[in-house]
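Reader: Good morning. Could we go through this model together, beginning with the terms?

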Number of protein chains: 2
Amino acid sequence: MKEKATSFDIAHAAGVSQSTVSRALSNSPLVNQETRERIQRIAKELNYKVDKNASNLRKQRSNTIALLLFEDPTSDDSMINPFFLSMLGSITRACASAGYDLLVSFQNMNDDWHAEYEDSNKADGIILLGYGDYTEYKDKIDMLEEQGTHFVRWGAHDAEHPGVSIGCDNFQGGYDIVSHLIAKGNRSFVFIGEAGNQAPEFQARYFGYLKALKEQGLSQHTLGQYDAISTEGAGYDATEQMLNEITLSSRPDAIVCASDLIALGVMQKLADAGVNVPDDIVVVGYDNIPVAAYSTPSLTTVKQNTKLAGELLVSTLLDAIANKPVEDYLMPAELVVRQSCGSNK
Amino acid sequence: MKEKATSFDIAHAAGVSQSTVSRALSNSPLVNQETRERIQRIAKELNYKVDKNASNLRKQRSNTIALLLFEDPTSDDSMINPFFLSMLGSITRACASAGYDLLVSFQNMNDDWHAEYEDSNKADGIILLGYGDYTEYKDKIDMLEEQGTHFVRWGAHDAEHPGVSIGCDNFQGGYDIVSHLIAKGNRSFVFIGEAGNQAPEFQARYFGYLKALKEQGLSQHTLGQYDAISTEGAGYDATEQMLNEITLSSRPDAIVCASDLIALGVMQKLADAGVNVPDDIVVVGYDNIPVAAYSTPSLTTVKQNTKLAGELLVSTLLDAIANKPVEDYLMPAELVVRQSCGSNK
DNA sequence: CTGAAAGCGCTTACAG
DNA sequence: CTGAAAGCGCTTACAG
């Protein structure tokens, strides 16, 4: 293993002072162009790279962003919800473009986010990525704010939570998909998914659902809401419960699910129970995860633009770090119509 | 925003020297227990955390691992192959358990991996995750080795590539799945996927495929191999080409795909062409990505244990960093039988 | 345009 | 068990 070169080695080889080397390598205009080029060439030859620890220590910033993922129960080994997995790629890309490194970590594993990342100078800012359920983390988020940490949260604006948020319009998404179902002739509905304020994103989807029904004078046709966290298993179980509680003759025309994962479980249970989707009951999801296009029937859902989301999350955080004014952003939701809602029902 | 506390502030508050604070916080046995507890309490009160940059600079190590992802063309926005996405979760988890941070980055975006990470002291070691196609990166990997960088590669052992590798037995996987198809009565085959040495993992699967055929005296029943990179689109196109080249009467009993993504495209094209899977032609994939369980028909495939893979990748790298002896590891592949290979054909 | 010097916040021999 | 001191490798006023 070669000894690592330092800026002093470069200085020695180039016959200049170490200060000049530092300036040359940071492309300071203060240094003579010819000298700078020579230094840069020598640095390259000696395979020299600026030591980030030293540089960060001196500059008091790290050029690194920390991504805190909230752990989810999943069916595979990743323990990351597929929706967030696709955001991860986009965030990684956006960081790279901005010249920032990305530190990835599961949220649940450590106690004090601010301390862990920004205080210890490992990151200049933090991105919080979870299924909107920040309620139990409220104290931590408050502390983040109180400590002046730079952070951005994925989710809707929420008066209770300080800090900037980037999110997708869950209310509109829920409204749009149900309006579509009503337009297609469906008249009675069930919502599967948590709808309390411990799951604000799901709740917003549910409220959108309720509004669409109300607008069409169908409020009395809601056959209820069944809790389910965002897994296939929870969707399956909730459907089982529903089938037990609702008599065959009064079954809903459509089941609106708070997420695709839930919808997948719902369709599984319906298939097991011999109920045809979409002929007997229509099912729709939310998120447009990759699997949604491949399920049988393929799943009508609402797409959240993960690419844009990742970019906005990063750019907003960088603005916050630079002390520029930042504001919440709510991306529009986009309806994706597939087979599970029937074609001409 | 509060001023950040330093070890001197703690020292002042505790009435001891800064050295003692440092020792107390690193749980050094050299410091009096009572003193240590007092210092730790004060540190907590003042919300003090050790500055990682300073600490790393002094210790010359970062307690961070860099993950270099090879960018893939994908159908969604993540630009990460779903198979790697699930490994990502497992790697993140394994790092967290080991007390290491994980720096994630796309490989293609920078030139000199070693310099970028280990030389600049941002990471103690590197995990390389790509679809086995390290051929074009050979020079870089050689340089990594030459420079004494600690790194682990995902993929099979390869005499041409130095360094440790953790991989799954692609040869066995290919052999097992084809043997299963033969046992089920299939007699003629097509392989879809690159099989050259620029794609060593696919190639190993292909060799396993060939061996299984040969063993059963079916070598002459291979109706060819069609190149395809690991995307649905490539699988679709290759199938189109195959259908054009092979007359209806001599179509294969089974199509063996180098990856699930390819198989998904193959099944799509077959469906478009009115060919029934599995009744007319059997299709199998490789990887067991989440979608495989949901396609119609669900996909028979080979599972690589991503959870174990992530853990091995991390533990092996940590051993390498600690200068412990490390060796390649080849995990067994596991056949996952679903509908796409027919039940009793 | 360049150099000498200070200092970022730690850890760890060294001396007691 | 504790403290004074050196030094990790940089960046950046300061002086010229």
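Author: A polar contact is a pair of N or O atoms within 3.5 Å; within protein, one must be able to donate a hydrogen and the other to accept it, and residues adjacent in sequence count only if both atoms are side-chain atoms. The model is predicted: local features need pLDDT of at least 70, side-chain atom pairs count only at pLDDT 80 or more, and totals for chains, interfaces and linings use all residues. Residues are numbered from 1 along each chain as its sequence is written, chains are lettered from A and ligands numbered from 1 in the order in which they are written, and side-chain values use heavy atoms, with hydrogens and water left out.

Reader: How far is the polar side-chain atom of B:S7 from a phosphate oxygen of DNA strand C?

Author: The distance is 2.6 Å for B:S7. For a polar side-chain atom of B:S22 it is 2.3 Å, and for one of B:Y48 it is 2.7 Å.

Reader: And which residues come nearest to DNA strand C?

Author: A:R23, B:S7, B:Q18, B:S22 and B:R58 do, out of 28 residues around the strand. A residue is near a strand if one of its heavy atoms lies within 4 Å of it.

Reader: What share of the strand's atoms within 4 Å of the protein belongs to sugar or phosphate?

Author: Sugar or phosphate accounts for 56% of those atoms of DNA strand C, and bases for the rest.
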